[in-house]
Amino acid sequence: MADASRVVLGLGGCVDYEVQLTADVLEQLVADHGITAAELTAPRAVAGERDLVVSILGYVARGGGGEHYVASAPALSAFAGRFPHRATIGGTSVRAGLLMSRLGVPSTLHLVSVNDTVRRLLPPGAAYLDSGTEDTHYPHLIVQYDRGLRVRAGDIDVTAPYPNRLIYVNDPANEAMLLSEALGPALRAAEIFLISGFNAMRDRAALDARLAELRSHMRQLPPSAVTYFEDAAYHEPAFSRRVRDALLDAIDVYGMNEDELQAHLGRPVDLLSPADVAAALAAVHALIPAPTLVVHTRYWALAYGRDAGRYAGALDTGTVMAAARYSHGDGLTDADVAALRRRPRRTESAAFAAALEALLGDAVRCVPGFVLDVPDPTTVGLGDTFVGGFLTDVALSRRRDHP
């Protein structure tokens, strides 16, 4: 427990039903619900299974990823039951903690929902705080699809240009995001604190109360601790700004993926254009002036800000571990990771990284992604795995410097 207390990962967690989409089932659902191509526009409110199919097909057509609240919890279970699926445990903090445990860095997890599945799948002896008063079970639907998935039904004909994952949620425990009274005491010895999960909240008064409680707990953090905030798709988009305003002055590293970067800017970003990415970084840093921004994408990962150079190793470890998960899923081994480190980096990504660093100097460090040709990739949990790899490097570096 002494070592685990040096890394605290929060704030929520869940059971995931991981589903791999297949064209035949989607085509039947399109026919059953009478869905037309004109409906596959921007993300929309998801009330039941029909809306769920419309939302998924819209993302597949763009190769995009996202997260949405679903008003009908039974619709999530019913949809999952139409496909082969498996139960795992997730949430950014949980998946990051699972990877860190594998890499020899134990942690204490703050959970809001615990049940037999969670207890069975956590690492043996894992330390956790539970803010709930009883077992709860609100599974999230995690949908992944491969590049080239083609759905043809009626006037719909869409093909996925990229693999990606989608998250659909109806989870009262994560909506409430109750905080354990033990969180503050747990932070007293922490070297690293991960904050994630507020994106599931839907009540403004409850959100404000929880943010105030969190700030109170965080007053017990040592001044030298690194606080990492991982962004997400907010079920209530306006709450993103509310969370930032409440926490930004206490955050050292603010992380996001390419979808979240573009959502903040309200425009697409050419991820292989140094000039466009440089402009995007300046704009998002004006919006989110954290000491260090971290952006992780399919092509590269970067740190931007005054401490960018400090995190070059963490960017690389996060990139390696996310690529290993993409290639090997939950079954990845040490040998898989070692073999992946020997793989070449993507030519276009390496050229981009060099050009961006030449353009922005010490304000940025950029690590290119790997050449990966995987017929059946894992797209679930890649960002969470990146975060786990990133924080593992930060933790090990701190312990080398201050044993």
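In this predicted model, alanine 80 counts as buried, at 1% relative accessibility. The residue lies in helix H3. Leaving aside residues up to four places away in sequence, alanine 80 touches Tyr17, Val19, His85 and Leu141. Aspartate 245 stands 165 residues from alanine 80 along the chain, and the C-alpha atoms of the two are separated by 37 Å.

Helix H3 covers residues 73-81 and packs on a sheet. The helix touches S2, S4, strand S7 (140-145) and strand S10 (164-169). Its direction makes about 40° with that of S7. The sheet is open and has five strands, in the order S3-S10-S7-S2-S4. Its pairing is mixed. Strand S3 (66-69) and strand S4 (85-90) are the edge strands, and each pairs on one side only. Between neighbouring strands of this sheet the average turn is 25°, direction ignored.

Strand S2 spans residues 14-20 and runs antiparallel to S4, with six bridges joining the two. Within this pair, valine 19 stands opposite histidine 85 in S4. Both valine 19 and histidine 85 are among the residues that alanine 80 touches. A further helix, H4 (residues 92-102), lies across S2 and S4. Helix H4 runs at about 90° to S4.

A second open sheet has nine strands. Their order is S6-S5-S1-S11-S12-S13-S14-S15-S16, and the pairing is mixed. Strand S6 (127-130) and strand S16 (364-368) stand at the edges. Each has a single partner strand, so one side of each is left without a neighbour in the sheet. Neighbouring strands of this nine-stranded sheet are turned by 15° against each other on average, direction ignored.

Within the nine-stranded sheet, strand S14 (residues 292-296) pairs with strand S15 (residues 300-305). The sense is antiparallel, over five bridges. Histidine 296 stands opposite alanine 301 in S15. Two helices pack on the sheet in this region. Helix H10 (residues 258-265) touches strand S13 (253-257) and S14. The direction of H10 makes about 100° with that of S13. Helix H11 (residues 274-287) touches S13, S14 and S15. The direction of H11 makes about 50° with that of S15.

Strands S8 and S9 form a hairpin with two residues between them. In the turn, glycine 154 has a positive phi of about 60°. Strand S8 covers residues 150-153, and four bridges join S8 to S9 in the antiparallel sense. Arginine 152 stands opposite aspartate 157 in S9. Side chains alternate along S9 (residues 156-159). Ile156 and Val158 point to one face and are buried. Asp157 and Thr159 point to the other face and are not buried.

The interior was examined next. The largest nonpolar core has 66 residues. Leu21, Phe79, Tyr168 and Phe390 have the most contacts inside this core. Helix H2 (residues 49-62) supplies the largest share, seven residues. Apart from this core lies another, of 52 residues. Val8, Ala173, Tyr234 and Tyr254 are among the residues of that other core.

Leucine 21 has contacts in several parts of the chain. Residues up to four places away in sequence are not counted here. Leucine 21 touches Leu26, Ile56, Val60, Phe79 and Phe83, among others. Its contacts also include Val143, Gln144, Tyr145 and Leu149.

Phenylalanine 79 and phenylalanine 83, both touched by leucine 21, form a tilted aromatic pair. Their ring centres are 5.0 Å apart, with 40° between the planes. Phenylalanine 79 has a relative accessible area of 0% and is buried. Phenylalanine 83 is also buried, at 3% relative accessibility. Both values fall under the 20% cut-off for a buried residue.

Across the whole structure, a search finds six aromatic pairs. One aromatic cluster is formed by Tyr228, Tyr311, Phe386 and Phe390. Of these, Phe390 is also listed among the residues with the most contacts inside the largest core.

Charged groups over aromatic rings complete the picture. The charged end of arginine 202 sits over the ring of tyrosine 69, 3.7 Å from the ring centre. For arginine 298, the charged end sits over the ring of tyrosine 162. Its distance from the centre of that ring is 4.0 Å.

Terms used
Residues numbered from 1 in each chain as written. Predicted model: local features only at pLDDT ≥ 70, side-chain atom pairs only at ≥ 80, totals over all residues. Heavy atoms only, no water. Pairing = 2+ DSSP bridges. Axes fitted to C-alpha atoms, helices over the stretch in contact; angles between N-to-C directions. Contact = heavy atoms within 4.5 Å. Phe/Tyr/Trp six-rings, centres within 6.5 Å; stacked < 30°, edge-to-face > 60°. Buried < 20%, exposed > 50% of the residue type's maximum accessible area, 1.4 Å probe, protein only. Lys NZ or Arg CZ within 6 Å of the ring centre and 35° of its normal. Core = buried A, V, L, I, M, F, W, Y, C linked by side-chain atoms within 4.5 Å.
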